[in-house]
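Hi,

Here is the structure I said I would pass on. Have a look at it first, and then read on for what turned up.

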Amino acid sequence: MASTAATRAAAGAAKVVKPIFSRDLDEAKRRVRELYRAWYREIPNTVTTFQLDISVQQGRAKVREMFNKNKQVTDPRVIDMLVIKGKMDLEETIHVWKQKTHLMRYFSDTREAQPADFMSKFYHGHDP
């Protein structure tokens, strides 16, 4: 009885998860580079199609920033999921299924923090 429980515990610990697309980390990184190149090449088209109020350099800098935000991820399954989401986002952008406001949300990260305590709210004033 005890030996079967130990066998099950050992089998559970050695369980190998099925990969989504990539077999190893190198293949996942290759997919990330392909997605990055696709986005990098699409930025000039996106800026002209949507008539964005940004330059191509600003768009490419934002793409680089978004990719660098997830560069610490090392699990191939998580990387594959992020690549899938990135490809879906790219497809929506290419086919103009998004609107200008959807794209400009990426550039509105710098918002002014709302006052937290009473005196800060008082000095900030009330904007109806």
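Start with K98. Leaving out residues up to four places away in sequence, K98 touches F50, D89, E92, T93, L103 and Y106. You'll find K98 in the loop between helix 4 and helix 5, and it counts as buried because its relative accessibility is 9%, under the 20% cut-off. One of those partners, F50, sits 48 residues away from K98 along the chain, yet their C-alpha atoms are separated by 9.3 Å. Do keep in mind that this is a predicted model.

V96 is in that loop too, between helix 4 and helix 5 (100-104). V96 has a phi near 55°, a positive value in a residue other than glycine. That's worth a second look, since most residues other than glycine have a negative phi. As for exposure, V96 counts as partly exposed because its relative accessibility of 43% falls between the 20% and 50% limits.

Q51 has a positive phi as well, near 50°, and again this is not a glycine. Q51 belongs to the loop between helix 2 and helix 3. Is Q51 buried or exposed? Exposed, because its relative accessibility is 60% and the cut-off is over 50%.

Now for the overall picture. The protein has six helices and zero strands, so if you follow the DSSP runs along the sequence you read α-α-α-α-α-α. There are 128 residues in the protein, and 20% of them count as buried. If you take the contacts between residues at least 6 apart in sequence, 70% join residues at least 24 apart.

On to the inside. The largest nonpolar core has 13 residues, and L35, W39, I43, V47 and L52 are those with the most contacts inside it. Helix 2 (25-50) and helix 4 (76-94) each supply at least two residues of this core. Helix 2 gives the largest share, six residues. As background, nonpolar side chains in soluble globular proteins tend to be buried together.

W39 is a good residue to click on here. Which residues does W39 contact, once its neighbours within four places in sequence are left aside? They are V63, F67, G86, D89, L90 and T93.

Next, the largest pocket. About 890 Å³ of space lies in it. The lining of this pocket counts 34 residues, and the closest to its centre are L35, V63, M66, F67 and N70. Helix 2, helix 3 (56-69) and helix 4 are the elements that give two or more residues to the lining. Which element gives the largest share of that lining? Helix 2 does, with ten residues. Sorted by class, the lining has 19 nonpolar, seven polar and eight charged residues. You may have spotted L35 in both places: L35 is among the core residues with the most contacts, and it is also among the lining residues closest to the pocket centre.

There's also a little polar group to show you, built around S22. This serine is in the loop between helix 1 (2-13) and helix 2. Why does S22 count as buried? Because its relative accessibility is 1%, and anything under 20% is buried. The side chain of S22 makes a polar contact of 2.7 Å with the side chain of D80, and another of 3.2 Å with the side chain of R31. Beyond four places in sequence, S22 touches E27, A28, R31 and D80.

R31 itself is in helix 2. With a relative accessible area of 17%, R31 also comes in under the 20% limit and is therefore buried. Setting aside residues up to four places away, R31 touches F21, S22, D80 and V83, so D80 is in contact, heavy atoms within 4.5 Å, with both S22 and R31.

Last stop, T74. This one is in the loop between helix 3 and helix 4. T74 is exposed, because its relative accessible area of 57% is over 50%. Apart from neighbours within four places in sequence, T74 is in contact with L25 and I79. The C-alpha atoms of T74 and A28 are separated by 9.2 Å, although the two are 46 residues apart along the chain.

Cheers

Technical notes. Residues are numbered from 1 along each chain as its sequence is written. This is a predicted model: local features need pLDDT of at least 70, side-chain atom pairs count only at pLDDT 80 or more; totals for chains, interfaces and linings use all residues. Side-chain values use heavy atoms; hydrogens and water are left out. A nonpolar core is a set of buried Ala, Val, Leu, Ile, Met, Phe, Trp, Tyr and Cys residues joined through side-chain atoms within 4.5 Å. Buried means under 20% relative accessible area, exposed over 50%, partly exposed in between (1.4 Å probe, protein chains only). Helices (H or I, at least four residues) and strands (E, at least two) are DSSP runs, numbered from the N terminus. On a 1 Å grid over the protein atoms alone, a cavity is a set of points where a 1.4 Å probe fits but cannot get out, and a pocket is an open set with protein on both sides within 12 Å along at least five of seven lines; lining residues have an atom within 4 Å of a point. Grid points are joined across faces, edges and corners, and a volume is the space filled by probe spheres set on the points. Ala, Val, Leu, Ile, Met, Phe, Trp, Tyr, Cys and Pro count as nonpolar, Asp, Glu, Lys and Arg as charged, and the others, Gly among them, as polar. A polar contact is a pair of N or O atoms within 3.5 Å; within protein, one must be able to donate a hydrogen and the other to accept it, and residues adjacent in sequence count only if both atoms are side-chain atoms.
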